[in-house]
Amino acid sequence: KVNFTQKVNSSLVNDLGNLIQRSSTMIIKHCDGYVPSIMPPGAEWQGDMLGSAVGSALTDRDLELLGSVSASIRNIYAFLDSYQLYQIIEELSMLNRRGNKYFDTEAPWTIVKKLKHIQSDGTNSLSESEKERLIKQNKQRLYTILYVITEYIRCVTVLTSPVIPSSCDEVLDMYNIPIELRGLESIPGKTELLGPPPTFSDTTN
């Protein structure tokens, strides 16, 4: 009982809550509070549309992270059939670790710093066309990372909701996800975050 409760608190509450806090704070600060959306192939990306669109190209790491949810869903359903609750927590814990590792590896805050450096180029070492290209390139990557991690968080939150339903409902409320879409459908593009990230409460009983 104690080990199970500790596992829920350390991984589902702390790890998932930390990832939500870090990523949603960046969306609020750098995307005007809107979750970036994936553009259809061939669409023209507008670099001045802050937080409204990302490039349609996803990296292998992006696809690997999003694809990992499908494998976990199959595992969780199998554990549910045999009432292996602890194994379900282990699977969710692995997803949380993977999400945090992705966010740390992609380090979107370094892209923000790079953008500030490019935009404040006081030495005029870059031509206007080169500066515009670099700004567009870096914004695309920033928005893509924030979209990918938000979509990942949403899927993991849906999978976690049977374990800590109240906290997960607060997260889905914050992401402005309507009740009828709180399954594993894709998150609607340009979804506005409603309020600051919720604070997860420890599971004590």
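A salt bridge here is a side-chain nitrogen of Lys or Arg within 4 Å of a carboxyl oxygen of Asp or Glu. Keep that in mind as you work through this predicted model.

**Exercise 1.** Find which residues are linked with E106 in a network of salt bridges, and work out where its partners lie.

*Solution.* Start with the count: the rule gives six salt bridges. One of them joins E106 to R61, with the closest N and O atoms 2.4 Å apart. This pair links distant parts of the chain, since E106 sits in helix α3 and R61 in helix α2, 45 residues apart. Next, E106 also forms a salt bridge with R141, at 2.9 Å between the closest N and O atoms. R141 belongs to helix α5 (residues 128-160), so this pair ties together parts that are 35 residues apart in sequence. Finally, add D62: the network consists of R61, D62, E106 and R141.

**Exercise 2.** Decide whether E106, R141 and R61 are buried or partly exposed.

*Solution.* Buried means under 20% relative accessible area. E106, at 9%, is therefore buried. R141 is buried as well. R61 has 47% relative accessibility, so R61 counts as partly exposed.

**Exercise 3.** Locate Y83 and A107, two residues with positive phi, and compare their surroundings.

*Solution.* Most residues other than glycine have a negative phi. Y83 nevertheless has a phi of about 55°, and its place is the loop between α2 (60-81) and α3 (85-106). For A107, phi is near 45°; this residue is in the loop between α3 and α4 (108-119). Now check accessibility: Y83 is exposed at 78%, whereas A107 is buried at 10%.

Technical notes. Residues are numbered from 1 along each chain as its sequence is written. This is a predicted model: local features need pLDDT of at least 70, side-chain atom pairs count only at pLDDT 80 or more; totals for chains, interfaces and linings use all residues. Side-chain values use heavy atoms; hydrogens and water are left out. Helices (H or I, at least four residues) and strands (E, at least two) are DSSP runs, numbered from the N terminus. Buried means under 20% relative accessible area, exposed over 50%, partly exposed in between (1.4 Å probe, protein chains only).
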